[in-house]
Amino acid sequence: MRFVWKILELKGNEKAIIQAKYLVSLIEDDLTIQTEGYWDFDPEKATIPTSQVTEQMVANWIDEGTTQDGVSSIKSRLLEQLESVKKQQEIALPWKPPTFRLS
């Protein structure tokens, strides 16, 4: 299982990033769960010029900003959705007649 972060968009100026649009994917085997959203930064706390910021840095800042008491709200929600998808079972369409396969 792994989380993959993509930063899709940044807003700000040369001194500070004030907002980022992100996409986070949780990948486990053949299942992928995704969420995207916006994160606002406090420009007063910017210590790194925008020209020196990397995608990984922005992703880490968002991950840290959404983590309280060791739990990331973004990651925990994706994990909940993954568990829900795993529990779902495909069922036959009730309006279609059953079919049999001979092997």
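This is a short chat about the strands and helices of a predicted model.

Me: What limits apply to this predicted model?
Reply: Local features need pLDDT of at least 70, and side-chain atom pairs count only at pLDDT 80 or more, while totals for chains, interfaces and linings use all residues. Residues are numbered from 1 along each chain as its sequence is written, and side-chain values use heavy atoms, without hydrogens and water.

Me: OK, the sheet. What is the strand order?
Reply: β1-β2-β3, an open sheet of 3 strands with antiparallel pairing. Strands are DSSP runs of E, at least two residues, and helices are runs of H or I, at least four, numbered from the N terminus. Strands pair if DSSP finds at least two bridges between them.

Me: Which strands stand at the edges?
Reply: β1 and β3. Each has a single partner strand, so one side of each is left without a neighbour in the sheet.

Me: How many bridges join β1 to β2?
Reply: 10. One example is Lys6, whose bridge partner in β2 is Leu23.

Me: Switching to α1. Which residues are buried there?
Reply: Val58, Ala59, Ile62 and Asp63, in a helix spanning residues 55–65. Buried means under 20% relative accessible area, exposed over 50%, partly exposed in between (1.4 Å probe, protein chains only).

Me: Where do they sit around the helix?
Reply: Seen down the axis, they fall within an arc of 135°, so they line one face of α1. The arc uses directions from the helix axis to the C-beta atoms.

Me: And what do they pack against?
Reply: Their partners include β1 (2–12), β2 (17–28), β3 (31–40) and α2 (73–87). Contact means heavy atoms within 4.5 Å.
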